[in-house]
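This report looks at a loop and its side-chain contacts, then at a pocket, and then at a pair of cysteines. Please keep the sequence and the model in view while reading.

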Amino acid sequence: MRKYTVAKASDFNSEAMMLVKVAGTPVLLSRVEGEIYATGATCPHKGASLNKGVLCEGRVICPWHNASFDVTTGDQLCPPGLDSLPSYPVTADGDDVVVEMPDDPQSSRTPGMASYRPDADSRTFAILGAGVAGINAAETLRASGFEGKLLLVTAEDELPYDRTALSKQYLSGGASEDSLMLRSPEFYQTHGIELQTGKRVTQVLPQARQLTFEDGSTLSYDALLLATGGIAKLPPIDGTQLNGVFTLHNHHQAEAILSAAQDAKQAVVAGASFIGMETAASLTKQGVSVTVISPDSVPFESILGPQVGRLFQRVHESNGVTFKLGQKLKQVSG
């Protein structure tokens with residue numbers, strides 16, 4: 001550990017943040033109720049600069065996706081994301097703010113977690129769904145001291161992955177499959193989180209506390225959390241059952257779209273909100289000519305309003321996307 005003089009205490013208001021570089025590492029200084037604290041300055045979720053967020057009552061809120069962290073400890077208070085911020089000791093030398101840091105500081109910190117100890121806790125906690133909600137629940141249980149059996153059940157065959165990246169880096173060809181993974185296989189083994197992949201549940205019997213799987217097998221539990229999320233539903237449009245018509249919700253669907261894009265020259269995206277516009281941008285990077293169809297007058301109209309929507313429309317048009325707005329998709333033929 002080394003000590004670095006990084007700022008002047010008199011430079012702070014009553015509650016404020018300051019970004020400093022300590023031995024090349026960005027550090028966030030936060031003043032709360034007269035005390036100055038030092039944490040990592042980068043959100044572990046997607047890398048946003050936290051000094052551009054909001055500090056309120058001892059928590060900093062990420063400017064991108066609203067994850068929040070306790071600046072006095074670095075602990076994550078609200079997801080998305082899984083990890084906390086590193087926290088560094090702060091001392092005062094007159095008006096100087098002195099931060100103590102290790103020689104190899106990390107950008108994030110995995111919270112401390114209990115181990116699986118069946119001799120200490122015989123209960124079974126099952127979590128149905130292995131998205132970000134399910135993973136956060138499992139890790140929160142371990143971080144809160146739960147030592148019983150912890151099952152994470154998913155109908156998908158893969159390890160839990162970041163579904164939001166499918167329409168962005170992955171579909172544009174800029175991300176590997178490994179980079180989608182939320183945690184490594186070793187992480188689940190280390191913390192006693194048992195993954196059951198490829199297990200589709202067909203029945204939940206809450207009074208009997210039992211799950212029934214598609215293959216007829218059953219699982220008994222003491223507590224169950226349903227974290228299955230939603231599904232992508234095709235609108236009632238003639239022709240959506242044809243080959244070459246896709247929804248984008250899971251890894252397999254993203255792979256199918258990527259495969260189709262290899263030989264495609266044109267694509268139509270129905271919908272001009274986040275997933276639709278991210279998909280349009282990603283396919284454009286793959287060299288596909290994209291047309292977006294939406295009943296809205298501008299992209300993101302109901303979410304961001306017409307003025308911001310027009311700004312995004314111009315950005316996409318400058319990248320080659322064509323829009324058919326104020327129109328509904330009626331039929332697909334071919």
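In this predicted model, the side chain of T247 makes a polar contact with the side chain of Q253, at 3.1 Å. T247 itself is placed in the loop between β18 (223-226) and α5, and with a relative accessibility of 19% it counts as buried. When neighbours within four places in sequence are left aside, the residues in contact with T247 are A232, L234, Q253 and I257.

N250 also lies in the loop between β18 and α5, and this residue too is buried, its relative accessible area being 18%. A polar atom of the N250 side chain lies 2.8 Å from the backbone nitrogen of Q253, whereas the T247 side chain makes its polar contact with the side chain of Q253. Apart from neighbours within four places in sequence, N250 is in contact with E156, Y161, R163 and L166.

The next topic is the second largest pocket, which holds about 970 Å³ of space and is lined by 33 residues. Those that lie nearest its centre are V245, F246, V268, V269 and A270. The elements giving two or more residues to this lining are α5 (251-261), β19 (266-270) and α6 (274-285), and among the contributors β19 gives the most, with five residues. By residue class, the lining of the second largest pocket divides into 21 nonpolar, eleven polar and one charged.

Which cysteine sulfur is the nearest to that of C43, and how far away is it? It is the sulfur of C62, at 3.8 Å, and C43 is in no disulfide. The corresponding statement holds for C62, which is in no disulfide and whose nearest cysteine sulfur, that of C43, is 3.8 Å away. Because a disulfide is taken here as a pair of cysteine sulfur atoms within 2.5 Å, the separation of 3.8 Å between C43 and C62 does not qualify. A search of the whole structure finds zero disulfides. Both cysteines are buried, C43 with a relative accessible area of 3% and C62 at 3% relative accessibility.

The relative accessibilities of the four buried residues discussed above are set out together below.

| Residue | Relative accessible area |
|---|---|
| T247 | 19% |
| N250 | 18% |
| C43 | 3% |
| C62 | 3% |

Each of these residues counts as buried because its value is under 20%.

How values were computed
Residues numbered from 1 in each chain as written. Predicted model: local features only at pLDDT ≥ 70, side-chain atom pairs only at ≥ 80, totals over all residues. Heavy atoms only, no water. 1 Å grid on protein atoms, 1.4 Å probe; cavity = no way out; pocket = protein on both sides within 12 Å on 5 of 7 lines; lining within 4 Å. Points joined across faces, edges and corners; volume = space filled by probe spheres on them. Helix = DSSP H or I, 4+ residues; strand = E, 2+ residues; numbered from the N terminus. Nonpolar A, V, L, I, M, F, W, Y, C, P; charged D, E, K, R; others polar. Buried < 20%, exposed > 50% of the residue type's maximum accessible area, 1.4 Å probe, protein only. Polar contact = N/O pair within 3.5 Å; in protein donor to acceptor, adjacent residues only side chain to side chain. Contact = heavy atoms within 4.5 Å.
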